[in-house]
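Q: I've just opened this one and would like to go through it with you, strand by strand where that helps. Could you keep the answers tied to what the model shows?
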Amino acid sequence: MIFRFVTLPIGWMAAQFATTAPVAGAEQFADEFSGSSKEWEFAPPSMWSVKGGSLHAEVTKGSDTRALAKTKSVADVLIETELRFAADSPRQNFGFVFRADDDEHRLILRYYDHPKALELLSFHGSAWKRLGERSASINVTPGDWHTMKLAAVGSTVVAKLWPSGQAEPGWQFHARVETLHAGRAGLVVHDAGKFEFRKFTLSTEAPALRELQQQLEAERLAMLKKLRSSLRLAVAPRAFPEDGGKTRVIEVVPFAQADRYPLAGRLTWTVNGKTVRQ
């Protein structure tokens, strides 16, 4: 058995490193909660209220509550908020909902209090799964204001959380997603908690978002160049045949330069002069 090559069309490879989701139109939204809550949709409404220049969320145990801004559906977006939670808040689970559509698909980037870390969840209705790895541990302090920021660019999601008034850190969380469609965005609180939000902004035109888009596009082009020039296979047959000598398991691993690089693709090989594709 002779392995010949892996065919990976450049168009297919480009799709694996998508940086920009479908354009849904420019959108800018900002609310400092100095007036009414007419620009928001709450679920459930009984747990959210605007008072004293802030948006308040008082959430009962086990609840998943969302506040969606009444904006256009967007995909690539930069979102920022300032928040604090009460000293007697039972839990400290909060964050952003984004790319939320009418079919109950949505992504949620939240701070989760037990590991004290940022994490990304994908929801379809009540079914959910965690995407990627959590961030390193981040400490938050009851009563103090904190700033949370998220950027979603194509298949890339990055986020950060830090004490308001202090120097802004670099991105603390990175993940890749398959949910590239446009959707609405807003705030989320999970489980029992008492939260106050004093600012929420959403932008598809912010300089920081454009900078990230350009950075990811440069990384995508560099990766495609690397794959074009150096993709190779390492083939390692096992020492002993299986299935009574009729089957032999062979591990085939794609490499890009010195890095293992798992890729789906089409493998072409030749057996007794006959070419087989799978």
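Q: Let's start in the middle of things: how many bridges join β8 to β9, and which way do the strands run?

A: This is a predicted model, and in it strand β8 (residues 93-100) is joined to strand β9 (residues 105-112) by five bridges, with the two strands running antiparallel. Within that pairing Phe96 stands opposite Leu109, and Val97 has Ile108 as its bridge partner in β9.

Q: What does the hairpin of β8 and β9 look like between the strands?

A: Four residues lie between the strands of that hairpin, and Glu104 takes a positive phi near 70 degrees there. Glu104 also forms a salt bridge with Arg106, where the closest N and O atoms are 3.3 Å apart.

Q: Are those two buried or exposed?

A: Arg106 has a relative accessible area of 5% and is therefore buried, whereas Glu104, with a relative accessible area of 36%, is partly exposed.

Q: And on the other side, what does β9 pair with?

A: β9 pairs with strand β10 (residues 117-124) in the antiparallel sense, over eight bridges, and one of the pairs puts Arg110 with Glu119 as its bridge partner in β10. The hairpin of β9 and β10 has four residues between the strands as well, and in this hairpin Lys116 takes a positive phi near 55 degrees. As for cover, β9 is mostly covered, with seven of its eight residues buried.

Q: OK, zooming out: what order do the strands take in the open sheet?

A: The open sheet has seven strands in the order β3-β6-β15-β8-β9-β10-β11, and the pairing is antiparallel. The edges are β3 (40-43) and β11 (127-131), and because each of them has a single partner strand, one side of each is left without a neighbour in the sheet. From one strand to the next the twist averages 25 degrees.

Q: I don't see β16 in that order. Which strands does it pair with?

A: Among its partners is strand β2 (residues 28-31), which pairs with strand β16 (residues 193-203) in the antiparallel sense over four bridges, with Ala30 standing opposite Thr201. Strand β5 (residues 54-59) is joined to β16 by five bridges, again running antiparallel, and there Glu58 stands opposite Lys194. Strand β7 (residues 77-85) also runs antiparallel to β16, with eight bridges between them, and in that pairing the bridge partner of Ile79 is Leu202.

Q: Back to charges for a second: how many salt bridges are there?

A: The count comes to 20 salt bridges. Among them is the one between Lys149 and Glu80, whose closest N and O atoms are 3.6 Å apart. Lys149 lies in strand β12 (residues 146-153) and Glu80 in strand β7, so this pair ties together parts that are 69 residues apart in sequence. Both Lys149 and Glu80 are buried.

Q: What about Asp64, how far is it from its partner?

A: Asp64 forms a salt bridge with Arg66, and the closest N and O atoms are 3.7 Å apart. Asp64 counts as partly exposed because its relative accessibility is 29%, while Arg66, with a relative accessible area of 15%, is buried.

Q: New topic, the nonpolar core: which residues touch the most other members?

A: The largest nonpolar core has 43 residues, and those that touch the most other members are Trp48, Phe98, Leu120, Phe197 and Phe200. If residues up to four places away in sequence are not counted, the contacts of Leu120 include Phe98, Leu107, Ile108, Leu109, Leu131, Val157 and Phe173, and also the charged-type names Lys129 and Arg130. Apart from that core lies another, of eight residues, including Leu78, Val153, Leu212 and Leu216.

Q: Last thing, where is the pLDDT below 50?

A: Over the protein chain the mean pLDDT is 83, and 78% of the residues reach 70 or more. One stretch with pLDDT below 50 is residues 1-17, which has 41 contacts in the model beyond near neighbours in sequence. Residues 20-24 are also below 50, and that stretch has 12 such contacts beyond near neighbours in sequence.

Q: Why be careful with contacts like those?

A: Where pLDDT is low, the predicted coordinates should not be read in detail.

Terms used:
Residues numbered from 1 in each chain as written. Predicted model: local features only at pLDDT ≥ 70, side-chain atom pairs only at ≥ 80, totals over all residues. Heavy atoms only, no water. Pairing = 2+ DSSP bridges. Axes fitted to C-alpha atoms, helices over the stretch in contact; angles between N-to-C directions. Salt bridge = Lys/Arg side-chain N within 4 Å of Asp/Glu carboxyl O. Buried < 20%, exposed > 50% of the residue type's maximum accessible area, 1.4 Å probe, protein only. Core = buried A, V, L, I, M, F, W, Y, C linked by side-chain atoms within 4.5 Å. Contact = heavy atoms within 4.5 Å. pLDDT = per-residue confidence, 0-100.
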